[in-house]
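Hi,

Here is the model I said I'd pass along. Have a look at it first, and then read my notes underneath.

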2 protein chains.
Amino acid sequence: MTTFELKQIARVESPLADLAAAPRQADEGAPEATLVFEPAYADGLRGLRAGDRVLLFTWLDRADRDVLVNHPRGDPARPQRGVFTTRSPHRPNPIGLHEVEILAVDGPRVRVRSLEALDGTPIIDMKQILNPDISRR
Amino acid sequence: MTTFELKQIARVESPLADLAAAPRQADEGAPEATLVFEPAYADGLRGLRAGDRVLLFTWLDRADRDVLVNHPRGDPARPQRGVFTTRSPHRPNPIGLHEVEILAVDGPRVRVRSLEALDGTPIIDMKQILNPDISRR
């Protein structure tokens with residue numbers, strides 16, 4: 001089996017402390033959070049501004065990586081689906097994808113609105129959104 | 001430094017053989033491709049159908065992982081930006097994100113329209129898009 005090494009570049013600081021308190025999707029209500037970048041990666045934030053929208057990639061380190069099918073949204077009344085057709089955190093590579101709005105940037109500390117990730121969640125990447133206005137600046 | 005292990009779950013079969021031939025974004029013209037899943041992960045495709053749109057996560061194994069700033073789209077006339085504000089493949093964790101339309105599913109072989117990834121590119125995840133109709137089925 002071929003594997004690759006992911007490096008943690010930052011972590012989430014959030015009032016969300018456990019899975020029971022976490023909403024399933026950001027639009028169901030999630031608190032503000034702070035992304036705390038490792039000093040070695042802070043240069044990668046150059047040009048980031050309040051008001052930007054970005055894609056945040058997290059590593060859901062509490063997920064079950066052996067799951068391949070499940071009931072969507074955990075509802076047993078819905079037929080099982082392959083995890084690659086869902087957004088379940090339980091999957092072979094538990095990458096979380098979040099579209100977030102930047103509220104403030106203070107060196108390696110980035111404040112964001114409405115992030116549905118637990119306190120301490122590792123961050124592995126951040127990218128421009130798919131259809132951005134930011135690219136025209 | 002904290003690291004995590006990614007598992008390759010599939011690979012891209014594409015007529016795109018080298019970087020010089022690859023478009024920068026799918027909407028600039030990219031060929032059809034086939035996603036070939038490892039047999040051990042094929043159950044994760046259950047319920048996937050032609051016409052679905054999904055997010056595909058690749059591992060850009062030819063990227064330079066030491067880059068933190070660059071000129072957007074490689075244009076030296078544009079000011080350098082941090083890679084986390086761009087979609088450059090060159091970044092500490094070179095995860096590629098692609099929104100693709102499913103054309104056909106034949107067991108572990110999934111045909112997709114317009115994928116801007118090179119032949120042989122490892123695939124690490126596939127997910128429902130952020131605002132899907134698929135969730136209502």
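Below is what I found, starting with the fold and moving on to the interface and the salt bridges.

Keep in mind that this is a predicted model. Chain A has nine strands and zero helices, so to speak a plain β-β-β-β-β-β-β-β-β when you read along the sequence. Of its 137 residues, 49% count as buried. Among the contacts in chain A with a separation of 6 or more, 73% are between residues 24 or more positions apart.

Now the interface. Chain A and chain B each put 50 residues into the contact, and the area buried between them is about 5200 Å², with 57% of that from carbon and sulfur atoms. On the chain B side, B:Phe4, B:Phe84 and B:Arg87 supply 16% of what the chain buries against chain A, more than any other three residues.

There are 28 residue pairs in polar contact between the two chains, counting pairs with both residues at pLDDT 80 or more. Strands E1, E4, E6, E7 and E9 of chain B each give two or more residues to the side that touches chain A, and E9(B) has the largest share with six. By type, that side divides into 25 nonpolar, 12 polar and 13 charged residues.

The two E1 strands are worth a look: E1 of chain A (residues 3–7) pairs with E1(B) in the antiparallel sense over five bridges. In that pairing, A:Phe4 stands opposite B:Leu6.

Then the salt bridges, 18 over all chains. Two of them cross the interface; A:Arg91 forms a salt bridge with B:Asp125, with the closest N and O atoms 2.6 Å apart.

Within chain B, B:Glu101 has two partners. One is B:Arg53, at 3.9 Å from N to O; that pair joins strand E4 to strand E7, 48 residues apart. The other is B:Arg113, at 3.1 Å, which sits in strand E8, 12 residues from B:Glu101. How exposed are they? B:Glu101 is partly exposed at 22% relative accessible area, B:Arg53 is partly exposed at 36%, and B:Arg113 is partly exposed at 40%.

In chain A, a network of salt bridges links A:Arg53, A:Glu99, A:Glu101 and A:Arg113. Elsewhere in chain A, the side chains of A:Arg11 and A:Glu13 meet in a salt bridge of 3.4 Å. A:Arg11 is partly exposed at 35% relative accessibility, and A:Glu13 is partly exposed too, at 27%.

Cheers

Key
Residues are numbered from 1 along each chain as its sequence is written. Chains are lettered from A and ligands numbered from 1 in the order in which they are written. This is a predicted model: local features need pLDDT of at least 70, side-chain atom pairs count only at pLDDT 80 or more; totals for chains, interfaces and linings use all residues. Side-chain values use heavy atoms; hydrogens and water are left out. Contact means heavy atoms within 4.5 Å. Buried area is the accessible area (1.4 Å probe) that two parts lose on being put together, summed over both. A salt bridge is a side-chain nitrogen of Lys or Arg within 4 Å of a carboxyl oxygen of Asp or Glu. A polar contact is a pair of N or O atoms within 3.5 Å; within protein, one must be able to donate a hydrogen and the other to accept it, and residues adjacent in sequence count only if both atoms are side-chain atoms. Helices (H or I, at least four residues) and strands (E, at least two) are DSSP runs, numbered from the N terminus. Ala, Val, Leu, Ile, Met, Phe, Trp, Tyr, Cys and Pro count as nonpolar, Asp, Glu, Lys and Arg as charged, and the others, Gly among them, as polar. Two strands pair if DSSP finds at least two bridges between them. Buried means under 20% relative accessible area, exposed over 50%, partly exposed in between (1.4 Å probe, protein chains only).
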